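Reader: Please take me closely through one part of this model, and tell me how it sits among the rest. I would like the cut-offs stated as you go.

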Amino acid sequence: MSSRYVPYATTPGRLLAQLTSDAVVVVWTILWVLVGLAVHSAVSSIAAVGRQLNDGATGVSDNLNSAGDSTDDVPLIGEALSKPLRAASRAALDIAGAGHSLDSTATWLAVVLGLAVAAPPILFVALPWLVLRIRFFRRKWTALTLAATPAGEQLLALRALANRPLAKLAAVSIDPVGAWRRDDAIAIRGLANLELRSSGIRRK
């Protein structure tokens with residue numbers, strides 16, 4: 001794959017800085033994902049209690065209701081016995097409903113709190129990193145596209161004359177402006193390379 005399509009610098013210093021920033025972002029993201037998962041797990045334990053309460057109360061309600069049905073057949077006192085049993089069964093169903101509600105609420109809350117804890121710090125670091133990486137990629141693409149043509153190379157040389165330190169310009173040519181005006185191919189290429197290196201690009 002051409003280096004033009006790789007969003008990394010080709011100069012050692014800039015490349016090391018980019019790889020370091022990538023590692024920092026990855027570690028930071030993993031750290032906060034783990035924190036978010038821990039929060040999710042902690043809140044989910046409440047949902048587990050709700051599920052247990054729902055299952056247990058439902059079982060008790062079924063047993064009480066069955067007992068009420070059985071006592072209906074008892075002569076004389078069957079109805080008197082079955083009424084409190086069915087009332088207790090309904091109360092157990094209410095408890096089961098509360099357990100189900102606790103399960104649903106805690107399950108939803110676990111996801112929301114997990115995201116609320118993890119997302120802001122991840123985005124705080126990842127968004128600026130992504131913006132800088134996209135900006136670098138666009139700058140690299142533009143610079144390499146310009147460097148591929150004589151006119152573009154002259155433009156890069158002109159930018160070097162305007163932006164690079166005088167000592168670096170003098171290292172390319174004793175009279176860099178005059179060389180650029182004379183269309184000195186060697187000097188223009190040297191100035192263009194100087195501008196490319198400032199963008200983190202080393203031309204082969």
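Author: Of the contacts in the protein between residues at least 6 apart in sequence, 70% join residues at least 24 apart, where contact means heavy atoms within 4.5 Å. The model is a predicted one, in which local features need pLDDT of at least 70 and side-chain atom pairs count only at pLDDT 80 or more, while totals for chains, interfaces and linings use all residues. Residues are numbered from 1 along each chain as its sequence is written, and side-chain values use heavy atoms, with hydrogens and water left out.

The protein has six helices and zero strands, and its pattern along the sequence is α-α-α-α-α-α; helices (H or I, at least four residues) and strands (E, at least two) are DSSP runs numbered from the N terminus. Buried residues account for 28% of the 204 residues, with buried meaning under 20% relative accessible area, exposed over 50%, and partly exposed in between (1.4 Å probe, protein chains only). The accessible surface comes to about 12,700 Å², and 69% of that surface belongs to carbon and sulfur atoms; these areas come from the Shrake-Rupley method with a 1.4 Å probe, and for residues only the protein chains shown count as cover.

The part to examine is helix α6, residues 185-198. Its 14 residues should span 20 Å at 1.5 Å a residue, and the end C-alpha atoms are indeed 20 Å apart, which agrees; the expected span is 1.5 Å times one less than the number of residues in the helix. Because ten of the 14 residues are buried, α6 is largely enclosed by the rest of the structure. The buried residues of α6 are A187, I188, G190, L191, A192, N193, L194, E195, L196 and S198.

Ahead of the helix, in the loop between α5 (176-181) and α6, lies D183. The phi of D183 is near 60 degrees, a positive value in a residue other than glycine, whereas most residues other than glycine have a negative phi. D183 is partly exposed, with a relative accessible area of 46%. D184 caps the N-terminal end of α6, placing a side-chain oxygen 3.1 Å from the backbone nitrogen of I186; a polar contact is a pair of N or O atoms within 3.5 Å, and within protein one must be able to donate a hydrogen and the other to accept it, with residues adjacent in sequence counting only if both atoms are side-chain atoms. After the helix comes G200, whose phi is positive, near 85 degrees.

One residue that touches the helix from outside is S173, which has its place in the loop between α4 (166-172) and α5. Leaving aside neighbours within four places in sequence, S173 is in contact with A179 and A187, and A187 is among the buried residues of α6. S173 itself counts as buried at 15% relative accessibility, and its side chain reaches the backbone nitrogen of D175 at 3.3 Å.

Further along α6 is E195, buried with a relative accessible area of 3%. Its side chain makes a polar contact with the side chain of R159 (3.5 Å). Not counting residues up to four places away in sequence, E195 touches R139, L156, R159, A160, N163 and R164. Of these, R159 and L156 belong to a stretch covered by helix α3 (residues 150-163), in which L158 is also found; L158 is partly exposed, with a relative accessible area of 37%.

Helix α2 meets this region through A143, which is buried with a relative accessible area of 7%. The C-alpha atoms of A143 and E195 are 8.6 Å apart, although the two residues are 52 residues apart along the chain. With residues up to four places away in sequence left out, A143 touches L156, L196 and I201; L156 is therefore touched by both A143 and E195, and L196 is one of the buried residues of α6.
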